[in-house]
Structure formats: structure tokens, C-alpha cells
Amino acid sequence: MDDSYVGYARAAQAFEPPEPGAPGVHASAWVDEDAVIHESAVIAAQCSVAAGAVIGAGAYLGPGCSVGRDSVIGDDCWLAGNVVLRHGVTLGRRVRVQPGAVIGSDGFGMAQENGRWIRVPQLGGVRIGDDVDIGANTTIDRGALDDTVIEKGVKLDNQIQIAHNVHIGENTAVAACTGISGSTRIGRSCTIAGGVGIAGHLEIADNVHLSGMAMVTKSISEAGAYASGTGLEPQARWRRNTVRYHQLDSLARRLIALEKKFGDPD
Amino acid sequence: MDDSYVGYARAAQAFEPPEPGAPGVHASAWVDEDAVIHESAVIAAQCSVAAGAVIGAGAYLGPGCSVGRDSVIGDDCWLAGNVVLRHGVTLGRRVRVQPGAVIGSDGFGMAQENGRWIRVPQLGGVRIGDDVDIGANTTIDRGALDDTVIEKGVKLDNQIQIAHNVHIGENTAVAACTGISGSTRIGRSCTIAGGVGIAGHLEIADNVHLSGMAMVTKSISEAGAYASGTGLEPQARWRRNTVRYHQLDSLARRLIALEKKFGDPD
Amino acid sequence: MDDSYVGYARAAQAFEPPEPGAPGVHASAWVDEDAVIHESAVIAAQCSVAAGAVIGAGAYLGPGCSVGRDSVIGDDCWLAGNVVLRHGVTLGRRVRVQPGAVIGSDGFGMAQENGRWIRVPQLGGVRIGDDVDIGANTTIDRGALDDTVIEKGVKLDNQIQIAHNVHIGENTAVAACTGISGSTRIGRSCTIAGGVGIAGHLEIADNVHLSGMAMVTKSISEAGAYASGTGLEPQARWRRNTVRYHQLDSLARRLIALEKKFGDPD
């Protein structure tokens with residue numbers, strides 16, 4: 001992306017329609033008397049804001065948003081509509097959240113006892129830095145004890161899943177349908193394409209670039225581009241190749257045996 | 001699927017319970033005075049409808065739906081509940097939308113400047129044809145300049161992600177958890193199974209059939225069935241085969257060297 | 001996970017903040033006069049509860065939840081907020097549902113007639129057992145005729161898709177972003193990792209463990225651990241290996257031909 005695209009981005013911002021609604025709380029919204037709403041903020045129809053919440057100057061909450069106890073929404077944040085922030089979530093300034101996103105849902109923590117699962121309460125929160133974008137129906141779980149952290153300038157597309165205690169470094173961009181498992185740390189300025197799956201408790205270095213549908217099961221300590229998966233092919237050919245894939249270890253052993261018998265071909 | 005299944009489908013429609021609610025706007029809903037609601041439409045509890053929106057005859061908006069400025073909902077549309085339509089979205093007639101779907105969220109457009117991301121405003125809309133079905137928690141982004149287009153008769157399952165400026169042709173069906181990246185054009189009468197990932201800026205021909213979890217990184221110009229990925233196997237065997245997979249290019253070179261040394265086996 | 005983790009889980013439950021809200025129906029909520037709400041239940045702001053619904057003792061419905069006709073919410077259930085239950089959904093006791101989850105959306109049933117899709121009405125419901133957890137933005141479709149069934153003690157993470165007439169056995173745990181296609185039966189005490197895709201009409205035995213992003217296209221009759229997919233590698237190397245993958249059947253045939261010519265290497 002070159003400078004002219006940056007120029008276009010800036011110019012186009014002048015053409016965006018402003019959000020409707022004068023500052024203040026809409027008649028159909030409900031705000032707890034112990035919430036603090038800046039006088040320049042817009043709280044649209046059907047919203048609810050719980051006790052202890054703080055809504056900053058110039059913030060916009062679209063229709064049907066819900067803000068939990070003691071959550072803080074920074075100045076000039078924009079929540080499109082039907083966004084759910086549970087309790088103890090902090091958004092920096094100018095955070096933009098698309099509809100249906102959920103921030104602060106309980107992480108998936110369980111202990112096993114006699115074959116049954118015991119729920120592990122999720123006592124941490126979520127901290128989102130300045131200028132973060134969060135896509136539609138993306139989910140960000142709260143931490144188990146410490147917080148889940150999204151650093152400033154991170155861009156998250158739609159339908160991304162961020163598990164408890166994940167940490168994403170500055171200016172990393174993640175495309176749609178990617179899932180990041182618990183306690184994984186992702187570096188700065190990474191680009192993660194769509195449909196990627198990243199296992200838990202990994203460390204991903206700065207400037208790592210993952211291609212679409214990559215399956216990441218180990219930490220990555222070197223910057224660079226990584227991929228996994230096998231490309232598309234006509235179904236009949238795919239069927240033949242996938243059968244051979246399941247014989248791959250055996251085929252390799254047989255090749256090595258031939259080499260042994262007939263000497264190094266070089 | 002044969003004719004008897006079509007007959008069953010038609011017969012079963014008689015057994016569907018009607019949605020509750022008399023025509024009109026529920027007391028707990030909020031409708032802007034500059035919206036136009038047909039007198040036979042039902043606007044259920046906790047809905048919000050913005051200025052300039054038009055809701056057609058016989059349309060049903062279930063609890064908690066939100067319709068943005070200047071969006072148009074055609075006759076006999078049915079929105080289950082908690083559906084979000086942002087501004088400038090047009091639904092044809094008889095469009096059915098399951099709960100939690102989001103239509104018209106901002107596309108994921110960014111320009112890079114000095115290592116930081118600049119948001120590219122998304123100024124297009126979304127146009128949905130007649131008789132389209134949209135699944136629960138599916139997201140359809142608005143276009144960057146032109147519209148995102150879903151043609152008539154398209155069927156979309158749950159948790160599908162449609163990026164900005166995607167175009168899906170008539171009567172194509174897409175199963176759950178599939179993601180389609182920006183500006184990709186998909187033909188008519190395709191069937192796309194679940195969990196498929198399709199990269200951006202591709203052209204997929206008419207009558208293409210993609211199997212589950214297929215990874216599509218190139219355009220497809222011929223009708224037919226396509227697949228990718230490797231099948232499931234017991235973990236111990238999978239571990240051996242995946243090690244060999246990473247040696248595959250080397251193994252192939254060694255096979256070719258053996259062939260060279262000993263002549264064509266035929 | 002050992003006993004000390006179970007101990008921690010129990011201890012931590014004492015530190016969870018209680019949900020706000022005194023028993024009763026919030027002023028901004030709407031409850032049909034033909035719904036039955038236990039006097040100890042909490043119905044928070046912006047909720048809607050339809051006719052025939054039953055809400056049990058100690059149940060909590062967070063902000064913006066919507067409960068459809070004749071749905072039953074058992075004692076001590078907890079719905080975080082913006083949860084949609086459509087009609088005819090039954091939750092056992094102590095079911096916990098994270099924000100944005102949808103239960104009872106229409107299954108993806110269609111018959112084809114002259115190249116067009118005819119919708120097959122989904123007349124079944126959803127039955128959820130005691131002590132089930134359901135993650136944020138997870139979707140569970142209602143059955144076509146019979147019910148979709150989630151047995152007691154099942155734990156579902158975020159953004160999971162459960163299609164119509166799926167049956168999940170007791171104490172099975174499913175991680176985020178997994179999709180399970182229609183009519184598949186999953187046994188008891190399975191663990192299914194994130195991003196897994198399971199085709200329709202399969203039978204998965206008890207105590208099956210699937211690794212992340214596994215692609216399951218056949219029934220599994222034996223307990224054990226299963227995997228699929230190829231691991232991550234640097235993009236340049238991946239490109240070479242994936243080219244060879246598409247030659248795999250041909251390479252295998254050539255290896256077999258060499259073996260024939262030169263005899264069994266053993």
C-alpha cells in the first residue's frame with residue numbers, strides 16, 4: 001500500500017456520514033445513576049450502562065450497546081451497535097467496535113474432577129489500547145487472573161476469537177475468522193491472515209506474517225512469512241493425493257531403503 | 001435431494017408457528033419519526049429504527065433488531081431478533097435473517113503509514129436480493145466504494161464472514177463458518193461447504209463445488225468439485241506423516257535422482 | 001489438570017463479583033403477560049420475554065437478552081447479556097451462556113427444485129442439559145423435526161457452530177471456532193480443540209480427542225487422539241512442499257515402479 005492510498009484514506013474520511021443522535025442519553029436507553037457519562041457522549045436507543053461505568057468525551061454508543069460495571073470507554077470511542085462490554089473492560093481513546101462484538105466474556109477455563117468439568121472463575125479484565133479497531137461479532141475473553149491485553153493500533157477484523165490472557169502487540173493486524181488460544185503472546189507489527197488458528201501458550205515474534213488458514217502449534221522466534229496447509233485441487237486428484245499422504249512415512253522409508261541398496265545417486 | 005423432499009419442505013411450512021405480535025410498533029421499540037413503516041409490518045420489543053429507514057409490507061423485525069439510517073427492508077422480510085443492519089443496507093423481498101447477524105459493518109480497509117495503520121472509510125453499502133437467507137451471527141461488510149452484493153436466492157448459513165465488495169451469484173449456497181475475503185466474486189449455483197476460506201480478489205466460476213475446510217487461494221475458472229486438506233488419522237501416525245510432509249520436496253528430488261541414475265523404470 | 005487446580009477453581013468462585021440487579025423485572029425490560037418469571041429471577045435492562053416462557057428460580061438474564069415463546073430457563077441459569085433464545089428452547093439448571101450466543105436459530109435445511117433452493121422449515125427445538133456452558137457468539141440451531149441436544153456438563157467455548165439435530169454427549173468439551181454439521185452425534189467425555197470441522201451425519205465415539213483444526217469427514221468408532229493438517233513452515237519452503245504435495249500420487253507410483261524394477265530393497 002503506497003502513499004496515494006494513505007492520501008485516499010484520509011480524504012475519504014471527510015465523506016463518512018456522521019452518526020445520528022445529539023449528545024446525551026436517548027429516552028429508550030437505561031443508564032445507572034452511578035455511571036459517569038461525559039456531556040458530549042451519545043448514548044443511542046436501547047443501550048444499557050451499568051454502575052461505575054465511565055463514558056468519555058465524544059464517545060458514541062450505537063443502538064443496543066451494553067456496558068458492564070466499572071468498564072471505561074475512552075474519549076472519542078465509537079461502538080456501532082449491539083456491542084457488549086462486560087464488567088472491568090477498559091477501552092483507550094478512538095477505539096472503534098463493529099456490531100455484535102463481545103469484550104470481556106468469560107475465558108474458557110475448566111478443571112477436571114472425576115470426569116466432570118469444574119468452572120474456573122475468570123477474575124481478570126480486558127485492556128484495549130488507543131486506536132484499536134474491533135470487527136463485527138469478534139469476541140475477546142477476559143483474563144483468568146491478569147488481563148487480556150490488546151495494545152494500541154491493533155486492527156482486528158470480523159469474527160475473530162481472542163482467548164483469555166492473550167497479549168497482542170502494537171500495530172498488529174488480524175484478518176477475519178482467526179482464533180488465538182489462551183495465554184499466547186503475539187508481537188508487534190505482525191499480519192495474520194484470515195482463518196488462522198494459533199494454539200495456546202505460544203510466543204510469536206514481532207514482524208511475523210502468517211498466511212490464510214495457517215495452523216500454528218509452536219512458538220515462532222524469527223520474523224518472516226510462514227504458511228501451512230495444502231492447496232486446492234480438483235476433487236478426484238485430491239482424493240488420490242490424500243490417500244498417498246497417509247502413506248507418506250512408509251513411502252519415505254521405502255525411498256531411503258532404495259537409496260541404501262543402490263548407493264547415493266550422486 | 002429429490003422431489004419428495006421438496007414436497008416435504010412445502011408441506012412443513014404449514015406447521016411453522018407464526019411469529020407473535022400484531023402489526024405495529026411495540027411500546028418498547030423506538031422508531032425515528034423520519035422512518036417509514038408499512039402499516040402491516042411488525043416491529044417487536046426493544047427494536048430501534050433510524051431516520052430514513054423504510055420497512056416494507058408484512059415485514060417482521062424480532063426483538064432487539066436495529067435498522068440504520070436509510071436502510072430499506074423489502075416486503076415480507078423476516079429478521080429473527082438482535083439483527084443489526086447499519087446504514088445504507090437494502091434487503092429485497094422475503095429475505096430471512098437469523099439472530100445476531102450483522103449487515104453493513106465496516107469493511108477491513110487500512111493503509112499503512114510509517115508502520116501504523118490508517119483506517120480507510122467504507123463508503124459503499126450492501127445490497128441483498130430477494131429470497132436470500134442469512135444465518136445466525138453471520139457478518140456481511142459494506143463495500144469500500146461500491147456495494148457488497150448478494151444476489152437473489154443465495155443461502156448463507158451461520159457464522160459466515162463476507163468481506164467488503166464480495167459479490168455472490170444467484171442461488172449459491174454457503175455452509176457455516178466459511179470466510180470470503182474482500183472483492184472476491186463467486187458465481188451462480190455454487191455450493192460451498194463449511195469452514196472454507198477464500199482469499200481476496202478471486203473469481204470463482206458458476207457451478208463450482210467446494211468441500212469442507214477447502215483453502216482457496218487462486219481463481220477457479222472451470223465448473224466442478226474441488227477440495228484441499230489432508231484427512232484425519234490417529235495422532236501418532238499423523239505425527240510421522242507430517243514430519244515427512246516437511247521433507248517432501250527433498251524426498252521428491254531424491255526420487256528423481258534415483259530415476260536418473262537407474263533409468264526410467266518403464 | 002490436578003487436584004490443586006480444582007481447589008483453585010472452587011476457591012476463586014468466592015471472588016467472582018455478583019451480578020448487579022435486584023430480583024424482578026427491570027423497568028426497561030418487556031415481559032409478556034403470559035410468561036412466568038420466578039420471583040427470585042433477575043430480568044435486566046432491555047430484555048424481552050415472550051408469551052409462554054418460563055424463567056426459573058435464581059435465574060439471571062443480563063442486559064438485552066431475548067427469550068422466545070415457550071422457552072424454559074431452568075433454576076440458577078445465567079445469561080450474560082444480548083443472548084437470544086428463540087422459541088421452544090429448554091435450558092436445564094445452572095446453564096451459563098456468554099454474550100451474543102444464539103440458541104434455537106433455524107437449521108440450514110433446503111431442498112432443491114429447478115436450480116432454486118426451497119427452505120425446509122425447522123420444526124424441532126433445542127434441549128440443553130444441566131451445568132452446560134455456552135460461549136460468546138456461539139450458535140446452536142434448532143432441529144428439523146427432532147431436537148438438537150446438548151447433554152449435561154458439556155462445555156462449549158466461543159464462536160462454535162452447532163447445526164440442526166447434532167447430539168453432544170455428557171461432559172464433552174469443545175474449544176472455540178469449531179463447527180459441527182447437521183445430525184452428527186458426538187460421544188461423552190470427548191475433547192475437541194479449536195477450529196475443528198466435523199462433517200454431517202457422523203458418529204464420534206466416547207473419549208475421542210481431536211486436535212486443533214482437525215478435519216473430520218468420517219465417523220470415529222475408537223476412542224483415542226486424532227489429528228489432521230500439515231504444520232507451519234517458512235513460506236518459501238512451504239511453497240516447494242505444497243507443489244510436491246500435488247504430485248504425491250505420481251511420486252508414489254514412480255517409487256513403486258523403481259521398487260518393481262530393482263526388487264524389494266530388503
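# Exercises on a predicted three-chain model

In this structure, 72 residues of chain B are in contact with 74 residues of chain C. The model is a predicted one, and the exercises below work through its interfaces, a helix pair and its strand pairing.

**Exercise 1. Describe the interface of chain B and chain C by its buried area and its salt bridges.**

Solution. Begin with the area, since the size of an interface is often given as the accessible area lost when the parts come together. Chain B and chain C bury about 6,000 Å² between them, and 59% of this lies on carbon and sulfur atoms. Next, turn to the charged pairs: the rule finds six salt bridges across the interface of chain B and chain C. One that can be inspected directly is formed by Asp249(B) with Arg240(C), where the closest N and O atoms are 3.5 Å apart, a pair that satisfies the cut-off of within 4 Å.

**Exercise 2. Classify the crossing of helix 3 of chain B and helix 2 of chain C, and state which residues make the contact.**

Solution. Two packed helices are described by the angle between their axes and the distance between the axes. Here the axes of helix 3 (residues 248-262) of chain B and helix 2 (residues 235-245) of chain C come within 8 Å and cross at roughly 55°. Angles under 35 degrees count as roughly parallel and those of 65 to 115 as roughly perpendicular; helix 3 of chain B and helix 2 of chain C are therefore oblique to each other. The contact is made on the chain B side by Leu248(B), Asp249(B), Ala252(B), Arg253(B) and Ile256(B), and on the chain C side by Arg240(C), Asn241(C), Arg244(C) and Tyr245(C). Sorted by character, the residues of this contact of helix 3 of chain B with helix 2 of chain C comprise four nonpolar, one polar and four charged. The salt bridge of Asp249(B) with Arg240(C) joins two of the residues listed for this contact.

**Exercise 3. Describe the contact of chain A with chain C, and find the chain A residues that lose the most area.**

Solution. The contact takes 74 residues from chain A and 72 residues from chain C, and chain A and chain C bury about 6,000 Å² between them, with 59% of it on carbon and sulfur atoms. Within chain A, the residues that lose the most area to chain C are Trp117(A), Arg119(A) and Met215(A), which together account for 12% of what that side buries. The count of salt bridges between chain A and chain C is six, including that of Arg10(C) with Glu113(A), whose closest N and O atoms are 2.4 Å apart.

**Exercise 4. Trace the pairing of strand 32 of chain B within its own chain and with chain A.**

Solution. Within chain B, strand 30 (residues 208-210) and strand 32 pair in the parallel sense over three bridges, and His209(B) has Ala225(B) as its bridge partner in strand 32. Across the chains, strand 33 (residues 233-234) of chain A pairs with strand 32 (residues 224-227) of chain B in the antiparallel sense over two bridges, with Glu233(A) opposite Ala227(B).

**Exercise 5. Give the strand order of the open sheet of nine strands in chain C and identify its edges.**

Solution. The order is 3-6-9-12-17-20-23-26-29, and the pairing is parallel. The edge strands are strand 3 (36-37) and strand 29 (203-204) of chain C, each of which pairs on one side only. Inside this order, strand 12 (residues 89-91) and strand 17 (residues 126-128) of chain C run parallel and are joined by three bridges, Leu91(C) having Ile128(C) as its bridge partner.

Key: Residues are numbered from 1 along each chain as its sequence is written. Chains are lettered from A and ligands numbered from 1 in the order in which they are written. This is a predicted model: local features need pLDDT of at least 70, side-chain atom pairs count only at pLDDT 80 or more; totals for chains, interfaces and linings use all residues. Side-chain values use heavy atoms; hydrogens and water are left out. Axes are lines fitted to C-alpha atoms, for helices over the stretch in contact, and angles run from 0 to 180 degrees between N-to-C directions. Helices (H or I, at least four residues) and strands (E, at least two) are DSSP runs, numbered from the N terminus. Angles under 35 degrees count as roughly parallel, over 145 as roughly antiparallel, 65 to 115 as roughly perpendicular and the rest as oblique. Contact means heavy atoms within 4.5 Å. Ala, Val, Leu, Ile, Met, Phe, Trp, Tyr, Cys and Pro count as nonpolar, Asp, Glu, Lys and Arg as charged, and the others, Gly among them, as polar. Two strands pair if DSSP finds at least two bridges between them. Buried area is the accessible area (1.4 Å probe) that two parts lose on being put together, summed over both. A salt bridge is a side-chain nitrogen of Lys or Arg within 4 Å of a carboxyl oxygen of Asp or Glu.
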